[in-house]
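User: I'm new to reading protein models and keep tripping over the vocabulary. Could you walk me through how the terms get applied here?

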Amino acid sequence: MAEVKSAPLQNAEAKSLQRDDLMANRPKHWWQSRAARRFFRHRLALIGLGILLVMVVIALAAPVIAGDPYRGNLRMIRKPPQSGHWLGTDGAGRDVWARLAYASRVSLSVGIVAVGVATAIGLVLGSIAGYLGGKIDSVIMRFTDIILCFPTLLVILSVVTIVGPSALNVMIVIGGFTWPGMCRLVRAQFLSLRELDYVTAARSIGATNRSIIGRHLLPNVIAPVSVAVTLGLAGAILTEAGLSFLGLSVQVPTPTWGNMLFGATTISLIENAWWLWLPPGLAIALTVLAINFVGDGLRDALDPRMRLD
């Protein structure tokens, strides 16, 4: 006679088989995940990712693929594109391509570090405010509202003027005044997540607040934060370019996209020396557009409510 299994044993075996099936169907690599497949079906995101990769390669390989951005030739002042200077030369006889390649290193670095500073501040303050709530939440949010009351660009201009223009100061100032959006986003996510059952269960078994925030809550806000980071990166690059254009960022002769544009602001140069302003202008526009495309792709890929055809 076959041995009849009890109901609890059958339920346990069924749950075990179901768990084994889920583990077997789990993708082994990140590029096999559903979000990655959705992202790679987003054509504009792939185009933006390709443009960004090209910009990063140019920035990293600038010493190899470009010449000396500081060496001038008085016999080659404002020469149009030609052999040896395929993007022409500027008002000091310096190669525009070399300066453009080295400028990408400065502009991208300032944008990345500034967004990193803003993200770190926003994550810390937003997670504390959203999880703890009460008076701490009120204090942090009122401080955030005060920062938001001031025009960000004017405050950044004023602070940079006071502390002095340099790459480090611009990174810190941009990051230090653009974190409120990230803080409010993280706080809103934490307010909804902290009431879920798995957080209550972790709290009931004695998990500390640091453990709950770090192991259970922060991993679940990665998706919206990653989208906000990409959009913030585009804004930081534009802000740095604007400051450079006004002479309040990295100082000449160090090249940035903004101060390269500043070197071609007269009507005669705009009309007769297009190679001085068009390459840096295109670099800024393409980089910001590519970052926005990648951000849209991440948003669509990480949002289960979106459908990609």
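**Terms put to work**

Analyst: Let's start with a pocket: α12 gives the most to the lining of the largest pocket, with six residues. Keep in mind that this is a predicted model, where local features need pLDDT of at least 70, side-chain atom pairs count only at pLDDT 80 or more, and totals for chains, interfaces and linings use all residues. Residues are numbered from 1 along each chain as its sequence is written, and side-chain values use heavy atoms, leaving out hydrogens and water.

User: Why is Asp-137 called buried?

Analyst: Buried means under 20% relative accessible area, with exposed over 50% and partly exposed in between (1.4 Å probe, protein chains only). Asp-137 has 10% relative accessibility, so it counts as buried.

User: What makes the link between the side chains of Asp-137 and Arg-187 a polar contact?

Analyst: A polar contact is a pair of N or O atoms within 3.5 Å; within protein, one must be able to donate a hydrogen and the other to accept it, and residues adjacent in sequence count only if both atoms are side-chain atoms. The side chains of Asp-137 and Arg-187 are joined at 2.7 Å, so the distance fits within 3.5 Å.

User: Which residues is Asp-137 in contact with, leaving aside its neighbours within four places in sequence?

Analyst: Those are Ala-129 and Arg-187, where contact means heavy atoms within 4.5 Å.

User: And where does Asp-137 sit?

Analyst: In helix α6, residues 134-149. Helices (H or I, at least four residues) and strands (E, at least two) are DSSP runs, numbered from the N terminus. The protein has 15 helices and zero strands.
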